[in-house]
Amino acid sequence: MERIEPIEKYALKSSSDSRSKSDNFTKIGIVGCGILGQEIAKMVSSYGVDVVFLEVSKNKITDAIKGISRDLKSMIKRWGMTESDKRAILSRIRGTLDYHDLTGCEVVIESVKSRTREDSVDMRKRIFREIEKVVEPNTIIATNSTTLVITELSAELKYPERCVSLHFISPAGEVPLVEVARSLHTSDEAYKRVCRFTRLLGKRIVPVVESPGIISTRLIAPMINEACAILMEGVAEMYDIDDTMKIGYGFPLGPFEMADKIGLDMVVRWLDNLYREFGDIKYKASPMLKKRVRANLLGREAGLGFYRYDEEGKKIMPERHETC
Amino acid sequence: MKILIINSGSSSIKYQLLDMNKKEVLTKGTIEKIGMQGAFLLNTRNDGDEVKLIGEIVDHQAGIEYLLGALISKDHGSLKSLDELDAVGHRVVHGGETFKGNVLINDKVIQKIEEVAELAPLHNPPNLKGIYAIKELMPNLAQVGVFDTAFHQTMPEYAYMYAIPYSLYKKYGLRRYGFHGTSHKYVSHRACELLKVPLNKQRIITCHLGNGASITAVKFGISVDTSMGLTPVEGMIMGTRSGDLDLGVLTFIMNKEEIGVASANTLINKHSGMLGISGVSSDMREVKEAALDGNRRAKLALKMFSYRIKKYIGAYCAAMGGMDIVVFTGGIGENDRSTRMEVCENMEFLGIKMDKERNNSVRKKEGIISSDDSLVKVIVISTNEELVIAEDTMDILRDHNLT
């Protein structure tokens, strides 16, 4: 007959108590489960770690789970994983409306989307405070935002030394690189722990000094903006500009494809934030971007941005004008 | 002499405690879901006492600590104290070219295993975790590394090299290494023991057929060729692995399906083999059921599976200038009589003559399945990798005068 007993009483006397739970990563929280949140959830879970994500409504939770499922299915279709991998990954992901379910997480990553900058900062500050109420004092609290600085977001916390900016680049599961920025308050211990966490996820860590846009956003946003200027001046067709960067410089996506993938509203918000921080005209969002955002042509997710997309999110190639 | 065998995987540890004087297993067990929710340790003593310990197991070290605790516990243990342990034998998957035999582990050896890990990124690092843990918990206890690849280090250069630019071999150590070494070694020895023939005069083909499968040509006691290569994907058709494949197929798929290296790897390791062909399952039993129900692809998968083995037996027979014994082992080799029959059918020209009745009666036990007048003896052996690891560990201890 098999008996069940608690394992703790079998610990050896020589047991090293120093290896406390905080050295391990078994449960990760995500606040806001849009596209990038879903990618992070999927990736973290694929490493055998439990994920709890917080959303604002039941519908959003269902949407997020559906989105993750859809992504996993397409990975199977493209030979990237198996049915049983998918079941295992999904079994470790759970959505919630209640902050208290984040209790016990070793890391909580904020990954929300917001409309305006003011909204964005205030909302994130509030989220950080809510997270702090339910987690341990040494739980890492991270933001995935790049254009907002972590010092500002964490300033009002009781233990700001555990906050970092942890910037995953989409698709988070496939891009093996993360930018990790510390704030003025971040402790060495917290920084080291978050680096250990990201290494566990198989990522190359790029340490950055806190700065709006850090590396990735600060380089990609102005490139998209400049591509809009080239298009607006009538220098070349959109697809030719994209091809030039893809074929010419080996970019996986051209600037317009990239903008569509990121979401035009997001690109505009990045540029607005950068413009506000640096005051440089090069960050002033192109009217081509703004016009589209106003018309709700937000990119791939919306089905229409610079390009048109089918239901599976595949780009529909526009008719080319043969001129040569 | 009491030896603990540890087989440490990415989130699991299998273990066995053996009394080598009596050649008996005292306790065996498994630890699952290390570092995850729902982790547990299942310990089974040879008198039937079974206990499941549940709770947090943060890492391999914690797991091993609990397993040692269980081994000396009053209710479920087999040892009075840990001092009774003479050594720990670790299964290490890849020994590269560095480890031609098994070794007593010290810091230098650990460093070498770390270096070799590049060749087996999924297997060696967890194996190392087991070694680190014992080192930390019982620094004075002898530890021995037993490598899956070591038995095949006797392969001649012309058998282990790939016909790719030689510089790549020099740069990365790209060559055939082979796996399941402990199993091939054990069953070839055991077959000779049962048949009462000298190992050093036999040309043996050992077929280890489980979810992973490999075939080895053991000539006069040493491995001269084996079907797995740098990684376990080469050779036989397996549960989910393709086995031998024209490389052009892979580059074609990568190009057409627009997939990268990681997905290509998953494709040949997890989507292929019996599962890929049949579309039913990677489990032989389920494929068989489907074939009985008339599933055409399941039938095809079974046919392909045995055909590949047959081809290799012919090849290794040629490579060794003949054969004296064919051994079947592993889950499929030990239990699946129809696969054995199909593989050995129409091989009279090579000296194999099966005895249908014997073949039908051998299941989950050892036994000869060829007829008395068969020139080549065909025999089923239950593999026992833990025992080989324990014996190898003993050998190393003796070599170092530690017994």
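**Notebook: two chains and a shared sheet**

I began with strand E12(B), where both faces turn out to be covered, since B:Ile325, B:Val327 and B:Thr329 on one side and B:Val326 and B:Phe328 on the other are all buried. Buried here is a neighbour count: 20 or more other C-beta atoms lie within 10 Å of the residue's own, against 12 or fewer for exposed and partly exposed in between, with C-beta atoms placed from the backbone. Helices (H or I, at least four residues) and strands (E, at least two) are DSSP runs, numbered from the N terminus.

Before going further I noted the conventions. This is a predicted model, in which local features need pLDDT of at least 70 and side-chain atom pairs count only at pLDDT 80 or more, while totals for chains, interfaces and linings use all residues. Residues are numbered from 1 along each chain as its sequence is written, and chains are lettered from A, with ligands numbered from 1, in the order in which they are written.

**Entry: the neighbours of E12(B)**

Because five of the five residues of E12 of chain B (325-329) are buried, I recorded the strand as largely enclosed by the rest of the structure. I then looked up its partners, taking two strands as paired if DSSP finds at least two bridges between them. Strand E9 (residues 203-209) of chain B pairs with E12(B) in the parallel sense over five bridges, and one of the partnerships sets B:Ile204 against B:Ile325 in E12(B). Strand E14 (residues 377-380) of chain B also pairs with E12(B) in the parallel sense, over four bridges, and here B:Val326 has B:Val378 in E14(B) as its bridge partner.

For chain B I also noted the division into domain 1 (2-147) and domain 2 (194-385), with bounds that come from an automatic or database domain assignment. Taken over C-alpha atoms, the centres of these two domains of chain B are separated by 30 Å.

**Entry: the sheet across the chains**

Which strands make up the open sheet of nine, and in what order? I read the order as E1(A)-E5(B)-E4(B)-E3(B)-E2(B)-E1(B)-E6(B)-E8(B)-E7(B), with mixed pairing. E1 of chain A and strand E7 (103-104) of chain B stand at the edges with a single partner strand each, so one side of each is left without a neighbour in the sheet.

At the chain A edge, E1(A) runs parallel to strand E5 (residues 50-54) of chain B and is joined to it by five bridges. Among the partners I checked, A:Arg3 is matched with B:Val51 in E5(B), and A:Pro6 with B:Ile54 in E5(B).

Towards the other edge I examined strand E8 (residues 142-147) of chain B, which is mostly covered, six of its six residues being buried. B:Ala142, B:Val144 and B:Val146 point one way from E8(B), while B:Gln143, B:Gly145 and B:Phe147 point the other way. Strand E6 (residues 87-92) of chain B runs parallel to E8(B) and is joined to it by six bridges, with B:Val92 partnered by B:Phe147 in E8(B). E7(B) pairs with E8(B) in the antiparallel sense over two bridges, and B:Leu104 stands opposite B:Val144 in E8(B).

**Entry: contacts between the chains**

Counting two residues as in contact if their C-beta atoms, placed from the backbone, lie within 7 Å, I find 23 residues of chain A in contact with 29 residues of chain B. Strand E1 (residues 2-6) of chain A gives the largest share of the side of chain A that touches chain B, namely five residues.

**Entry: backbone oddities**

In chain A I checked the peptide bond joining A:Ser170 and A:Pro171, which is cis, with omega about -5 degrees. A:Pro171 lies in the loop between strand E7 (163-168) and strand E8 (177-182) of chain A.

A:Ile214 has a positive phi of about 30 degrees although it is not a glycine, and the residue is found in the loop between strand E9 (204-209) and helix H7 (216-232) of chain A. Is A:Ile214 buried or exposed? A:Ile214 counts as buried, because it has 20 C-beta neighbours inside 10 Å.

B:His180, also a residue other than glycine, has a positive phi near 55 degrees and is found in the loop between helix H5 (166-172) and helix H6 (181-195) of chain B. With 29 other C-beta atoms within 10 Å, B:His180 is buried.
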